[in-house]
Structure formats: C-alpha cells, structure tokens
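Please walk through this model from its side-chain contacts to its core and then to one of its pockets. Keep the structure in view while reading.

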Amino acid sequence: FLNMHITEGISADAAAAAEEALAIAREWCASGCTDKSAKFLAGIFSHMQGGSCSLANEFCGECADRADSWFTNNQLPCCVESVIQKGIEAYDYVLENYGEAISDAADAVEAGLSDTAIAEAQAIGARLENEFNCVA
C-alpha cells in the first residue's frame, strides 16, 4: 500500500530527515544533553509528584500547575529546546507538504477498521489531545 504512494520527493525528504536526525543525535551526545536532560527531568518529575499530583505522567490539573511552578526557577536545557523546535519545524513541513496524502492514507486505513477499532483510536486521540493541550 505505502509503496504505491512513495514518490521521489518523499524519498528525498525522508533521506534528508534521516541525515538531519543523525546530526541532531550527534550534537545531542557531544553537548552532554543526555545528562542535562536526565537531571532536568528528575527535577521536574520530583517537583510535580506532590500535593494533589500523585501521577506525574498526567499533565493536566494540579500536575500542570506544579510543572508550571517548576519553570519559575528552572529552564528547559537548550539542547532539549533545540530538538523540540526541530521537531515542530519537521511536523509543520510534513503537514504542509504531505498533509493531504496522510489524510488520504488515514482514510484508506480507517475504511478497513471495525467500528470498535475506530472508536478506540478516536478515544486515544482525544486523550492525547487533552494531555497535549495541558502542556501546550
């Protein structure tokens, strides 16, 4: 199914994305970002886990409030912010250039799914959207 829809442009973009991802990974390692990120994440999750926030993997409500308060005195490591920005740029590029093709493919996949599977996927999507909106 996918091979029918992969063009030279898509292949070239995928190769460029792979090269960019490799460059980002090398810079991540060279800058010590793994250690910086681990220290940051340990701090924020420790801070979040308290008060009414008993599960720091839920980013809404009290947990979001506690995370926001963490950022009052702490900053996301620059290397992490850089990777996030690159991801946002890549996402925007893919939507702009391939959004219609992705939508068509999703429609084709959905046509082969049961009503139960579609409902489950929609419920998961709604939950993810809700969590995303809490951190956005």
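**Contacts, core and pocket**

Across the whole structure, a search finds one aromatic pair. The model is a predicted one, and the values that follow are computed from it. The two partners are Phe 40 and Phe 71, whose rings sit 5.8 Å apart, centre to centre, with 45° between the planes. That geometry is classed as tilted, because planes count as stacked under 30 degrees and as edge-to-face over 60. Phe 40 belongs to helix H2 (residues 33-48) and Phe 71 to helix H3 (residues 62-73), so the pair ties together parts that are 31 residues apart in sequence.

Are the two rings' residues buried or exposed? Phe 40 has a relative accessible area of 10% and is therefore buried, since the limit for that class is under 20%. Phe 71, at 40% relative accessibility, counts as partly exposed.

Phe 40 also leads into the interior. The largest nonpolar core has seven residues, and Phe 40 is one of them. The others are Ile 44, Met 48, Cys 53, Cys 63, Ala 67 and Trp 70. Helices H2 and H3 each supply at least two residues of this core. The aromatic pair likewise has one partner in H2 and the other in H3.

Charged side chains give another contact. How many salt bridges are there? The count comes to one salt bridge. It is formed by the side chains of Lys 86 and Glu 20, with 3.1 Å from N to O. Lys 86 lies in helix H4 and Glu 20 in helix H1, and the pair links distant parts of the chain, 66 residues apart. Lys 86 is partly exposed, at 35% relative accessibility. Glu 20 is also partly exposed, with a relative accessible area of 34%.

Glu 20 brings the reader to the second largest pocket. This pocket has a volume of about 330 Å³. Its lining is made of 14 residues, and those that lie nearest the centre are Asp 13, Ala 16, Ala 17, Glu 20 and Ala 90. Which elements give two or more residues to this lining? They are helix H1 (8-30) and helix H4 (78-111). The salt bridge between Lys 86 and Glu 20 has its partners in H4 and H1 as well. By residue type, the lining of the second largest pocket divides into nine nonpolar, one polar and four charged.

Definitions and conventions. Residues are numbered from 1 along each chain as its sequence is written. This is a predicted model: local features need pLDDT of at least 70, side-chain atom pairs count only at pLDDT 80 or more; totals for chains, interfaces and linings use all residues. Side-chain values use heavy atoms; hydrogens and water are left out. On a 1 Å grid over the protein atoms alone, a cavity is a set of points where a 1.4 Å probe fits but cannot get out, and a pocket is an open set with protein on both sides within 12 Å along at least five of seven lines; lining residues have an atom within 4 Å of a point. Grid points are joined across faces, edges and corners, and a volume is the space filled by probe spheres set on the points. Helices (H or I, at least four residues) and strands (E, at least two) are DSSP runs, numbered from the N terminus. Ala, Val, Leu, Ile, Met, Phe, Trp, Tyr, Cys and Pro count as nonpolar, Asp, Glu, Lys and Arg as charged, and the others, Gly among them, as polar. Rings of Phe, Tyr and Trp (its six-membered ring) pair if their centres lie within 6.5 Å; planes under 30 degrees apart count as stacked, over 60 as edge-to-face and the rest as tilted. Buried means under 20% relative accessible area, exposed over 50%, partly exposed in between (1.4 Å probe, protein chains only). A salt bridge is a side-chain nitrogen of Lys or Arg within 4 Å of a carboxyl oxygen of Asp or Glu. A nonpolar core is a set of buried Ala, Val, Leu, Ile, Met, Phe, Trp, Tyr and Cys residues joined through side-chain atoms within 4.5 Å.
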